[in-house]
Amino acid sequence: METKNILQRYMDLPKFMYLLQRKVLFLPKMSVFDDQLEGGLTAKDYLSTSNDAAIFDNAINGFWSPASETVDERLIRLEKAKSTHIEIRQREFKTPFGTYKCEDIDKVFPRCREWLYVSCWHKSMYECSAMWSLYGGDNNSVCIFTTEEKLKSLIQIPENIDRINLYDIKYIDHKKASLSDECLAPFLVKSLPFSFEKETRLIAYDSKVNLNSAVKNNINGIEIPIGSLAQLIDKVVISPNADAWFTGSVKQLCKEKGLKTIVDSTLRTERINSFYGALQQLQENSL
């Protein structure tokens, strides 16, 4: 594995069973995520994209009458202000689903979240204790390791999806940052407190969805078939707090599905208290 491209996914037993039995990744729609900043604009980007600031400026500087204005000057000013107002109302912004009127920004962005499907991965060559706690569910959970290259090559795109790719998430201060002009940019950032996640996000969507009519998505997510789980999964790591029965069951289940490398979490490594303990760890490390 290329260490810089290693991806991990932490999951509880039901999700792991779902993956093994159906050989699919489930991508929930973004609107079900708890983080209220997911898919939102920063303060600077909202002001530059929405019409609010431009309309306010035009109202004050275009329609407000200055002192000692002649009749002709007033007519010219009002005509210019009306023309500017029309131009403002015609402004558009880009989304993954085409361009839309800037005046509709408040309703369009929530609808984008309804039609973007996401699978979140932790990008690191090492396990993460916090990820076990937050996304591993109860004590009996697993983490699968793969690489970006394998994930890209083994996913099979459904007929109702025409865009799917991996993206690294950026962590920002929404009160200060400005996003790029990339149409997916608002959906590829998270708040700084989540930076420990080191997230790489698999995003899938149908770019032909019309957000003017597709207000609500009636499904919670989509399934992405995997060509070969044995090729996708480099190893399965068992939770550091797993029960003995769970460890045995997972190893047997993985064996039946052709997954060969099943290991205990490195967080279960015991402190060295003896010569024989040190030799044992060195021997395990050489395997």
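Lysine 23 sits in the loop between H1 and S2, and its phi is near 55°, a positive value in a residue other than glycine. This is a predicted model, so treat that angle as part of a prediction. Lysine 23 comes just after H1, and with a relative accessible area of 47% it is partly exposed. From that loop we can move to helix H1, then the sheet, the cores and a buried glutamate.

**Two loop lysines with positive phi**

- Most residues other than glycine have a negative phi.
- Lysine 23 goes against that habit with its phi of about 55°.
- Lysine 198 is another case, with a positive phi of about 45° although it isn't a glycine.
- You'll find lysine 198 in the loop between strand S9 (189-191) and S10.
- Is lysine 198 buried or partly exposed? Its relative accessibility is 47%, so it counts as partly exposed.

**Helix H1 and what covers it**

- H1 spans residues 13-22, and its buried residues are Phe16, Leu19 and Leu20.
- Why do they end up on the same side of H1? They cover an arc of only 90° around the axis, and that puts them on one side together.
- An α-helix has 3.6 residues a turn, so residues three or four places apart point the same way.
- Pro14 and Gln21 are exposed, on the face of H1 turned away from its buried side.
- The cover over the buried residues of H1 includes strands S1 (6-12), S2 (24-28), S6 and S12, along with helix H8 (229-232) and H9.
- At the N-terminal end, aspartate 12 acts as the cap of H1, with a side-chain oxygen 3.1 Å from the backbone nitrogen of lysine 15.

**The seven-stranded sheet**

- The sheet is open, has mixed pairing, and runs in the order S7-S10-S5-S1-S6-S12-S13.
- Its edges are S7 (163-168) and S13 (262-264), each of which pairs on one side only.
- On average, neighbouring strands in this sheet are turned by 30° against each other, direction ignored.
- Strands of a sheet pair through backbone hydrogen bonds, either parallel or antiparallel.
- Helix H9 (residues 244-256) lies across S6 (141-147), S12 (235-238) and S13, and runs at about 170° to S12.

**Strand S10 and its partners**

- S10 covers residues 199-205 and pairs with S5 (residues 117-123) in the antiparallel sense, over six bridges.
- Along that pairing, valine 118 has isoleucine 203 as its bridge partner, while tryptophan 121 stands opposite threonine 200.
- S7 and S10 also pair in the antiparallel sense, over six bridges; here tyrosine 167 stands opposite arginine 201.
- How many of the seven residues of S10 are buried? Seven of the seven are, so S10 is largely enclosed by the rest of the structure.
- Glu199, Arg201, Ile203 and Tyr205 point one way from S10, whereas Thr200, Leu202 and Ala204 point the other way.

**Nonpolar cores**

- In soluble globular proteins, nonpolar side chains tend to be buried together.
- Here the largest nonpolar core has 57 residues, and Phe16, Leu25, Phe97, Val236 and Val250 have the most contacts inside it.
- Helix H5 (residues 105-115) gives the most to this core, contributing five residues.
- Leucine 25, leaving aside its neighbours within four places in sequence, is in contact with Leu19, Trp121, Leu151, Leu202, Ile222, Glu223, Ile224 and Ile226.
- There's also a second, separate core of eight residues, with Trp132, Cys143, Phe145 and Val237 among them.

**A buried glutamate**

- Glutamate 148 belongs to helix H7 (residues 148-154).
- Buried means under 20% relative accessible area, so glutamate 148, at 12%, counts as buried.
- What does the side chain of glutamate 148 make a polar contact with? The partner is the side chain of lysine 123, at 2.8 Å.
- Leaving aside neighbours within four places in sequence, glutamate 148 is in contact with Asn5, Leu7, Lys123, Leu166, Asp168 and Thr200.

Technical notes:
Residues numbered from 1 in each chain as written. Predicted model: local features only at pLDDT ≥ 70, side-chain atom pairs only at ≥ 80, totals over all residues. Heavy atoms only, no water. Pairing = 2+ DSSP bridges. Helix = DSSP H or I, 4+ residues; strand = E, 2+ residues; numbered from the N terminus. Axes fitted to C-alpha atoms, helices over the stretch in contact; angles between N-to-C directions. Contact = heavy atoms within 4.5 Å. Buried < 20%, exposed > 50% of the residue type's maximum accessible area, 1.4 Å probe, protein only. Polar contact = N/O pair within 3.5 Å; in protein donor to acceptor, adjacent residues only side chain to side chain. Arc of directions from axis to C-beta. Core = buried A, V, L, I, M, F, W, Y, C linked by side-chain atoms within 4.5 Å.
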